[in-house]
Amino acid sequence: MNRRESLKALGLLASGTGLLAASSCGPEKNKATDHSDKPPTEKLPGVQDFEHERNLKLQAEQFFSAHELSTITCLVDYIIPKDEFSGSASEAGVPDFIEFIVKDMPHYQTPMRGGLKWMDIRSQKKMGQVFINCTTDQQIKLLDEIAFPSRSIPEVEQGVSFFKTLRNLTASGFYTSKIGIDDLGYVGNRPGVWSGVPAEVLQAHGFATDEG
Amino acid sequence: MTAFQIIESTEHYDAIVVGSGAGGGMAGYILAHAGLKVLMLEAGPFYDPAIDALQLRWSWESPRRGAGTTRPFGDFDAAYGGWELEGEPYTRASGTEFEWFRARMLGGRTNHWGRISLRMGPDDFQPKDGVTDSWPITYDEVKPFYDRVDRMIGIYGTVEGIHNEPDGIFLKPPKPRLNELYIRKGGQKAGVPVIAGRGSVLTEALPGVKDRGTCFYCGQCGRSCKVYGDFSSSSCLVIPAMKTGNLKVIDNAMVREVLTNDEGLAIGVSYVNTKDLQEYSVKAKTVILGASACESARLMLNSKSSAHPNGVGNSSGLVGKYLHDSTGAGLSGFLPQLLDRKRYNEDGVGSVHIYSPWWLDNKKLDFPRGYHIEYGGGMRMPSYGIFGGTAELGDKIPGRDGKPMGEAGYGKALKEQYRRFYGAGVGMAGRGTAIARLDNYCEIDSNKVDKFGIPVLKFHYKWANEEILQAKHMQETFQSIMHEMGAVITSKIHGPETAYGLEAPGKIIHEGGTTRMGNDPKKSVLNKWGQAHDCKNLYVVDAGPFVQQGDKNLTWTILALSMRTAEYILQENKKING
């Protein structure tokens with residue numbers, strides 16, 4: 001079977017999904033319009049029964065309270081805000097992802113719940129109210145204390161640690177969403193032909209064009 | 001259950017094959033094509049990559065975005081199983097360690113492996129340094145089988161003429177990615193050769209093979225391939241063998257015991273259906289074990305009878321002994337030259353585009369044997385864990401003006417840093433020879449059974465100086481290549497306190513040696529054909545027969561040896577019938 005026949009067998013040539021045509025597009029032309037990148041609720045072929053049942057069970061449970069989720073939403077949008085290239089973390093569904101992941105990986109539960117509480121206590125102490133009720137200026141002051149480990153003071157170490165965890169989870173959730181993948185400009189995961197590094201890239205990096 | 005009943009099959013097979021991975025798959029394929037009636041028993045479910053592969057799925061189609069909660073290599077990886085299986089424990093002697101990876105599915109671990117397909121060389125079969133025992137066979141005896149595996153299954157690579165890294169019959173290799181060109185240049189400066197990878201992926205149509213598609217470069221071999229563009233035992237061996245009408249597969253069948261008669265010959269096996277727990281026994285003229293090195297050893301040790309009081313084929317007491325994995329250690333970082341790089345699709349193939357075969361002379365080193373290096377990096381599909389710790393790299397990442405960017409913290413600056421960093425990562429991992437030792441072994445734990453009532457394995461495995469010094473050398477080499485290509489190291493640089501990052505035994509998933517072959521029945525379990533010295537119609541075709549593996553990944557040798565054993569079985573049958 002040659003490559004064309006392979007793709008036919010996969011149903012990628014006739015189906016009109018545009019996968020082949022899209023392979024030459026840059027990220028700009030490939031902007032996602034559907035932002036509802038919710039995982040499918042039906043079982044995909046190849047997913048084991050126990051895995052699917054576990055996913056459904058976790059999705060039916062609720063870990064964070066409404067207040068905790070509002071705080072998470074506020075925080076993740078500070079971490080990854082909307083800019084001229086792409087939407088914000090909450091637009092990409094990051095709070096839902098974090099809600100799922102702490103049930104999937106229970107070791108996150110105490111650091112996350114406790115970390116959110118730490119934020120509110122710190123906020124109450126410094127600003128006289130919980131984090132989400134602070135003004136933007138106040139929130140930025142509180143974040144600046146914990147978002148830069150190299151210049152943070154010892155008394156907020158637990159906050160620094162919480163923020164690192166939250167930032168990593170936010171990056172995981174955002175850059176695995178359609179919005180985030182488009183933001184990065186990942187243009188793979190589609191059938192194509194790999195014929196080596198494009199000539200102009202070789203040149204720009206000082207490699208001979210016949211190298212490789 | 002009040003009445004215990006074992007259902008006895010009335011069908012009498014020419015051969016029963018236990019396990020459907022590389023070894024079992026190849027034996028089943030050869031025997032079924034030769035017209036034998038073959039029964040294959042697989043402990044896991046049926047699996048067809050054409051239907052079941054999670055290839056081309058996007059990260060968001062997994063609620064955990066591809067994280068490894070239920071599958072160690074992530075939600076999209078093809079292996080059903082892992083280092084821990086519910087209800088199927090194993091134990092370790094105190095002070096020792098071993099991690100035992102099991103994939104319960106048709107095709108076993110071949111559905112998700114890296115497709116890195118290296119031949120063992122003349123010095124691997126007949127070592128000149130006297131550190132380990134020689135195999136009872138030479139490279140020249142195995143070469144014709146390697147050649148046939150190359151033609152039958154397909155492998156890409158380049159002819160290099162390296163003495164102990166024998167060339168095969170190669171398809172064209174994929175071209176290097178940008179980071180790999182930097183690695184090759186850095187390797188050259190560091191004195192480490194970097195050559196085209198060798199992988200079982202069809203980069204072009206394989207002459208004479210009609211039912212398999214050609215690679216379309218999604219880089220996801222680990223998820224198994226819907227068009228059968230890479231080698232899995234399920235797609236390339238078992239499913240084709242079923243089409244002959246001579247091979248029957250029973251899935252969800254966990255084999256309990258090899259049954260033997262008064263003379264000690266194998267007459268069949270007993271197994272339990274893992275879904276309804278019904279017990280069965282089936283009969284055959286020949287029994288072939290390809291359940292994986294440790295699972296086959298376990299099965300033999302658990303098959304006790306008056307003719308085989310220590311377990312079938314174990315009069316030598318060596319079943320389970322000489323267990324050895326590969327060594328493994330790694331280092332990762334990023335290439336500043338690749339910050340803000342131009343985007344294009346560089347998924348390539350899912351096996352390695354480049355690698356470094358072992359290149360040094362051990363006479364000048366403080367450890368025996370060697371390792372090869374596999375490389376990673378590139379603009380991959382983002383999945384769970386992406387940019388973990390990137391924000392904390394701070395001053396390690398230069399800005400566009402060449403000055404340190406500082407900590408981005410949060411907000412637009414952080415987003416900008418992530419964008420800039422994407423695709424700049426580079427990693428390397430060594431895979432080396434671990435010495436097969438009598439005192440590294442698995443045995444039956446006298447106190448524990450699994451959920452089917454089958455006694456479980458207890459492992460005794462410790463690294464020794466040879467492996468630790470090798471890992472030390474790996475770390476020095478990795479750092480030198482990183483330095484020469486101008487990369488910034490971001491992972492922990494391991495020292496003696498962590499055995500230079502040497503992974504626990506079993507972690508590299510190259511375990512073998514538990515039913516070693518040899519000419520002396522007192523010093524080996526199998527003869528040079530993979531036939532048990534004390535049970536003539538019992539064979540082992542997984543990595544158990546390996547006397548000592550090289551730094552080469554096992555699969556290609558398992559395939560070649562299983563083909564050789566299967567043809568020996570056919571010849572022996574001819575003698576009897578002839």
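These questions and answers walk through a predicted model.

Student: How many residues does each chain give to the contact between chain A and chain B?
Tutor: Both sides are counted in residues. The contact takes 68 residues from chain A and 64 residues from chain B.

Student: How do the residues on the chain A side divide into nonpolar, polar and charged?
Tutor: Several helices supply this side, including α3 (49-60) and α8 (157-175) of chain A, each giving two or more residues. By kind, the chain A residues that touch chain B are 34 nonpolar, 22 polar and 12 charged.

Student: Which strands stand at the edges of the six-stranded open sheet in chain B, and why is one side of each left without a neighbour?
Tutor: The order is β6-β12-β13-β14-β11-β17, with antiparallel pairing. An edge strand has a single partner, so one side lacks a neighbour in the sheet. The edge strands of chain B are β6 (195-196) and β17 (488-489).

Student: Which residue is the bridge partner of B:Ser332 in β14(B)?
Tutor: Strand β11 (residues 326-334) of chain B pairs with β14 (residues 425-433) of chain B over nine bridges, in the antiparallel sense. In β14(B), B:Ser332 has as its bridge partner B:Gly427.

Student: Which helix packs on this sheet?
Tutor: The helix touches β11, β13 (371-377), β14 and β17 of chain B. Its direction makes about 25° with that of β11(B). It is helix α9 (residues 465-484) of chain B.

Student: Which helix gives the largest share of the largest nonpolar core?
Tutor: That core has 204 residues, and B:Ile288 is among those with the most contacts inside it. Beyond its sequence neighbours within four places, B:Ile288 is in contact with residues including B:Ile16 and B:Val18. The largest share of the core, eight residues, comes from helix α10 (residues 555-577) of chain B.

Note on methods: Residues numbered from 1 in each chain as written. Chains lettered and ligands numbered in written order. Predicted model: local features only at pLDDT ≥ 70, side-chain atom pairs only at ≥ 80, totals over all residues. Contact = placed C-beta atoms within 7 Å. Helix = DSSP H or I, 4+ residues; strand = E, 2+ residues; numbered from the N terminus. Nonpolar A, V, L, I, M, F, W, Y, C, P; charged D, E, K, R; others polar. Pairing = 2+ DSSP bridges. Axes fitted to C-alpha atoms, helices over the stretch in contact; angles between N-to-C directions. Core = buried A, V, L, I, M, F, W, Y, C linked by C-beta atoms within 7 Å. Buried ≥ 20, exposed ≤ 12 C-beta atoms within 10 Å, placed from the backbone.
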